[in-house]
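Trainee: Got a minute to look at a model with me? I'd like to talk it through.
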Amino acid sequence: MEALYSNMYYVGAGALILVGLYIILVKSNLIKVIIGIHLLDTGVNVLLVAVGYIKGGTAPIFTRTSLAPTQFVDPIPQALVLTAIVIGVGVLALALSIVVKLYENYGTLDVRKIKGLKW
Amino acid sequence: MVAPLLIAIPFLAAFAVPLFSLISKRISYYIPALALFANLVISLVLIPRVMSETIVVSIGGFPPPFCINLVVGPVGLLLAIIISLIGLLVSIYGVNYIKEGPKDKYHMLLLALLAGATGMVLTGDIFNLFVFFEILSLASYALTAYNRDRAGTEAAIKYLIQGSIGSAFILIGIAFLYGMFGTLSMADIASKVGGADPGFLFVSLALLITGFGIEAAIFPLNAWLPDAHSSAPSSVSAILSGIAIETGAYAVARILYTVFDSDGIMLLIAVVGLITLLIGEMSAFRQREDIKRLLAYSSIGQMGLILFAFGIATRAGVFAALFQLLNHMLAKSLLFLAVGYMIYRVGSKKLSAFSGLGKRMPVSSFVATIAVFSLVGLPPFAGFMSKFSVVRAALALKDPMFLWFVVLMLIATVIEAGYFFRIIQNLFFKSGNSLEEVKEAPLSCLVPISVLAALILIIGVYPQLVSGILDAAAQGLVERTAYIQYVLGVP
């Protein structure tokens with residue numbers, strides 16, 4: 001229990017990733033699948049931030065000279081997460097616009113009924 | 001400092017296309033060709049410098065490993081040359097071929113895709129690799145759905161869902177690597193990888209290989225490929241099949257050879273490659289109707305062969321893999337381009353509708369035949385030399401297991417010949433359709449495919465023209481200590 005508590009951020013990130021993957025694999029509504037993709041992305045972002053987190057650390061902006069470098073959290077994962085969020089938004093917008101076109105073509109969002117292409 | 005231009009020019013040109021289309025639509029369609037021609041010239045000029053010494057460009061003025069760096073080695077430059085060459089030919093083709101829809105968006109996305117691909121092969125930073133990979137994938141999802149018809153949107157959403165799971169896996173792998181080593185530079189990770197916990201290393205390796213494997217269409221991850229490559233417009237299929245999946249294979253090879261010192265799983269890679277080869281070729285053989293779907297399945301098979309050659313894990317094996325990669329890029333993009341106009345003229349994707357087309361479209365059919373012979377591996381085309389070097393590299397191991405692998409590979413080649421010769425039979429030796437009004441493809445199609453066919457023939461007859469840079473590229477991939485030294489300076 002103690003180990004679980006001290007690794008709370010990793011546990012939360014892993015849970016989000018697994019929930020996202022579950023939704024993508026199980027749900028048949030395309031909007032829900034896209035929500036799952038976004039949950040997966042969010043989980044990965046939380047994981048990245050957790051990698052660079054220091055307990056009790058402050059934002060990596062150099063304002064007070066009294067702070068030692070070890071009291072800052074690592075800024076690189078945060079920069080990575082910013083990039084990843086932007087990419088995630090791009091994918092989300094593209095996915096939703098493709099789904100709009102798909103609905104115009106097929107009249108349904110159920111992946112079990114969208115079977116125009118033979119495998 | 002000319003190397004960053006290889007990435008900067010296509011990006012700037014990509015965003016210049018919609019701006020110029022406000023002034024004149026016609027001019028903006030020629031921007032991709034101009035930008036990629038500039039790229040081709042720059043990358044050809046760089047060859048002598050890169051062959052003597054790998055160029056490392058640090059961005060931001062910090063020394064490596066604290067900055068994002070570009071590493072222009074022989075392998076990166078070789079792929080950058082082919083990407084800009086095929087991109088140039090496809091953009092010339094696309095000016096006339098794309099007739100409907102928001103055409104300026106098509107040209108913009110095409111350039112963005114090629115910029116992402118060039119960035120992927122030139123970067124030396126693992127997160128930067130991910131970012132360029134995402135640019136490439138986003139552009140290819142959008143281009144797959146370009147026609148906005150039933151097949152295109154369905155294929156695009158399948159591709160998008162699988163691709164975004166893959167990129168999430170890559171990012172998790174990168175997070176693990178950063179957590180272990182506190183660095184993102186591939187050379188720095190490679191220099192520290194020896195002393196790390198093998199369990200964590202294996203997990204991050206598996207995540208990265210799975211993520212890039214989706215783009216490279218390795219066997220259990222290839223479900224999106226036949227749909228996406230057959231539903232996209234043909235010029236896009238040529239780019240997807242000729243550039244996008246190969247950069248995925250490059251990323252897999254770079255991670256296997258340079259970032260991780262992963263000798264232990266090379267046998268697994270070879271076996272997975274062989275399974276991909278057999279599955280791809282058998283699925284293509286079964287495909288009797290849709291010609292683009294047949295070519296897409298054949299791409300899966302060829303990717304399997306490339307992966308198998310990477311799995312041989314000697315310098316000769318990597319040389320063979322890169323040679324096969326080069327051959328597949330040239331021949332498959334040629335085939336998709338040629339077939340694109342055949343489908344457009346005949347009005348059907350069905351293989352049976354092509355009967356007797358050899359008389360009506362003689363040049364396209366002849367050139368497509370060259371590509372088919374090269375993919376099957378007949379002399380004197382490039383495919384013979386590349387397949388021969390795969391076989392030679394596998395037999396040089398003197399391992400009885402690899403002898404059986406070669407037997408299976410040759411069986412797959414026979415299957416490949418079976419379905420490819422069916423195309424030729426349909427083109428030249430069958431008749432019956434009424435094709436009186438079918439004309440030859442226009443010059444904007446014939447010139448690009450003839451250039452590609454000439455290259456296939458020249459490389460097949462004089463393989464020593466490319467074997468120098470291919471050998472240097474194989475050396476650059478296999479020798480990781482040299483790579484680390486180039487990027488980080490002398491340790």
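Trainee: What's the radius of gyration of chain B, and what would a compact globule have?
Mentor: Chain B has 21 Å, which agrees with the value near 23 Å for a compact globule of 491 residues. The radius is taken over C-alpha atoms, and the globule rule is 2.2 Å times the number of residues to the power 0.38. Keep in mind that this is a predicted model: local features need pLDDT of at least 70 and side-chain atom pairs count only at 80 or more, while totals for chains, interfaces and linings use all residues. Residues are numbered from 1 along each chain as its sequence is written, with chains lettered from A and ligands numbered from 1 in the order written.
Trainee: And what does the C-alpha trace of chain B span?
Mentor: About 70 × 60 × 40 Å along its principal axes.
Trainee: How much of chain B is buried?
Mentor: 61% of its 491 residues, where buried takes 20 or more other C-beta atoms within 10 Å of the residue's own, with C-beta atoms placed from the backbone.
Trainee: Switching topic: how many residues of chain A are in contact with chain B?
Mentor: 28, and they meet 28 residues of chain B; contact puts the two C-beta atoms, placed from the backbone, within 7 Å.
Trainee: Which element of chain A gives the largest share?
Mentor: H4(A), with 15 residues.
Trainee: How confident is the predictor in chain A?
Mentor: Mean pLDDT (confidence per residue, from 0 to 100) is 88, and 98% of the residues of chain A reach 70 or more.

Key: Buried ≥ 20, exposed ≤ 12 C-beta atoms within 10 Å, placed from the backbone. Helix = DSSP H or I, 4+ residues; strand = E, 2+ residues; numbered from the N terminus.
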